[in-house]
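Me: Could you take a close look at any enclosed space in this model for me? I'd like to know what surrounds it, and how the parts around it are put together.

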Amino acid sequence: MPNHKILIVEDEEAIAHVMESILSANGYTPLPARTGGQALTLATVHNPDLILLDLGLPDIDGIEVLRHIRQWGQTPVLVVSARDQEKQKVEALDLGANDYITKPFGSSELLARIRAALRQRAGALDSSAAPPEQYSSGGLTVDFDKRQVRVDGLDIHLTQIEYKIVEFLARQPGRVLTHDAIMVYVWGPYLTDDNKILRVNMANIRRKLEKNPAEPRYIQTEMGVGYRIADEDN
Ligand code: CA
């Protein structure tokens, strides 16, 4: 297993220490930064494989740190945010952050997000690899060639719009996608930013895919942010 370097940008000592020990215990090399300034320096010097970025930093705003990082390259960035920072989370995702995790979080959630982001980066770097032909998680399969969606082996009939939404999510397993990102992919950039049409379509998708649409297994709502499809079976 490669020894990935992970830059932890977090000014709260206690949280930073917890993250450092979780990462060390799981074979990653943590690089701690307590300020945005330190983060930018360490990112340049060490070229980490992934960056965990707190949005509330004492010197530079986390969003500004992200802007700088995205000017240089595509290092995966996981935003670490507080519960009341929905607007900043969405802004960070639309600026190119790969995902976010909300404090307080458990170690398994943190590790799952890190694995998903590193896997996406590996896929993006390996340009010779063919794009995946199918997505599969807990009984849900999406065949991208045949444009076929199945649950427990049974064909599910989706409208073209519904299929496009599911396909977009399924091509990025385990990753949160913002309302805006989905809307632009499905309807293009000219639609109003009212996401009611997306919510209506998602309700229809869930009625077709989920045994209990009120407690979805496959596509989770990220309140105020967007949607996330379940990570793939390993
Ligand atoms: Ca903070």
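Reply: Let's start with the walls of the largest cavity: its lining divides into three nonpolar, three polar and four charged residues. Keep in mind that this is a predicted model. The residues doing the lining are Asn 98, Asp 99, Ala 112, Arg 113, Ala 116, Ala 117, Gln 120, Gly 174, Arg 175 and Arg 228. The space they enclose comes to about 40 Å³. A search of the whole structure turns up one cavity of 30 Å³ or more.

Where does the cavity sit? The chain is divided into domain 1 (5-125) and domain 2 (134-229). Both domains give residues to the lining of the largest cavity, so the cavity lies between them. The domain centres, taken over C-alpha atoms, are separated by 27 Å, and the contact draws twelve residues from domain 1 and eleven residues from domain 2.

Now, which element supplies the largest share of that lining? That's helix H5, with five residues. H5 covers residues 107-125, and it's worth following this helix into the open spaces too.

Take the largest pocket, with a volume of about 430 Å³. It has 19 lining residues, and the ones closest to its centre are Arg 119, Gln 120, Gly 123, Pro 132 and Arg 171. H5 again gives the largest share of the lining, four residues here. H5 and strand E6 (134-137) each supply at least two residues. By class, you get nine nonpolar, five polar and five charged residues in this lining. As with the cavity, domain 1 and domain 2 both contribute to the walls, so the largest pocket lies between the two domains.

The second largest pocket holds about 230 Å³ of space. Its lining is made of Arg 70, Gln 74, Thr 75, Gly 96, Asn 98, Ala 117, Gln 120, Arg 121, Ala 124, Leu 125 and Arg 175. Sorted by class, that's three nonpolar, five polar and three charged residues. Once more the largest share, five residues, comes from H5.

A few names keep coming back. Gln 120 is among the residues closest to the centre of the largest pocket, and it's also in the lining of the second largest pocket and of the largest cavity. Asn 98, Ala 117 and Arg 175 turn up in the lining of the second largest pocket and in that of the largest cavity.

What else does H5 touch? In general, two packed helices are described by the angle between their axes and the distance between the axes. For helix H1 (residues 13-25) against H5, the angle is about 65° and the axes are 11 Å apart. H1 passes H5 in a right-handed crossing. On the H1 side the contact is made by Met 19, Ile 22 and Leu 23, and on the H5 side by Ser 107, Leu 110, Leu 111 and Ile 114. The classes in this contact are six nonpolar, one polar and no charged. Set that beside the cavity lining, with its four charged residues.

The stretch leading into H5 has a backbone feature to check. The peptide bond from Lys 103 to Pro 104 is cis, with omega near -5°. Pro 104 sits in the loop between strand E5 (99-102) and H5. As a reminder, most residues other than glycine have a negative phi, and most peptide bonds are trans. The phi half of that reminder has its own exception here: Asn 47 has a positive phi of about 45°, although it isn't a glycine. You'll find Asn 47 in the loop between helix H2 (36-46) and strand E3 (50-54).

One last stop, in domain 2 (134-229). Asp 155 belongs to strand E9 (residues 154-156). Leaving out residues up to four places away in sequence, Asp 155 touches Gln 148, Val 149 and Arg 150. Thr 141 is 14 residues from Asp 155 in sequence, and the C-alpha to C-alpha distance between the two is 9.6 Å.

So if you pick one element to display alongside the cavity, H5 is a natural choice, because it brings five residues to a lining that both domains share.

Key: Residues are numbered from 1 along each chain as its sequence is written. This is a predicted model: local features need pLDDT of at least 70, side-chain atom pairs count only at pLDDT 80 or more; totals for chains, interfaces and linings use all residues. Side-chain values use heavy atoms; hydrogens and water are left out. Axes are lines fitted to C-alpha atoms, for helices over the stretch in contact, and angles run from 0 to 180 degrees between N-to-C directions. A crossing is left-handed if the near helix is turned anticlockwise from the far one by less than a right angle, and right-handed if clockwise. Contact means heavy atoms within 4.5 Å. Ala, Val, Leu, Ile, Met, Phe, Trp, Tyr, Cys and Pro count as nonpolar, Asp, Glu, Lys and Arg as charged, and the others, Gly among them, as polar. On a 1 Å grid over the protein atoms alone, a cavity is a set of points where a 1.4 Å probe fits but cannot get out, and a pocket is an open set with protein on both sides within 12 Å along at least five of seven lines; lining residues have an atom within 4 Å of a point. Grid points are joined across faces, edges and corners, and a volume is the space filled by probe spheres set on the points. Domain bounds come from an automatic or database domain assignment.
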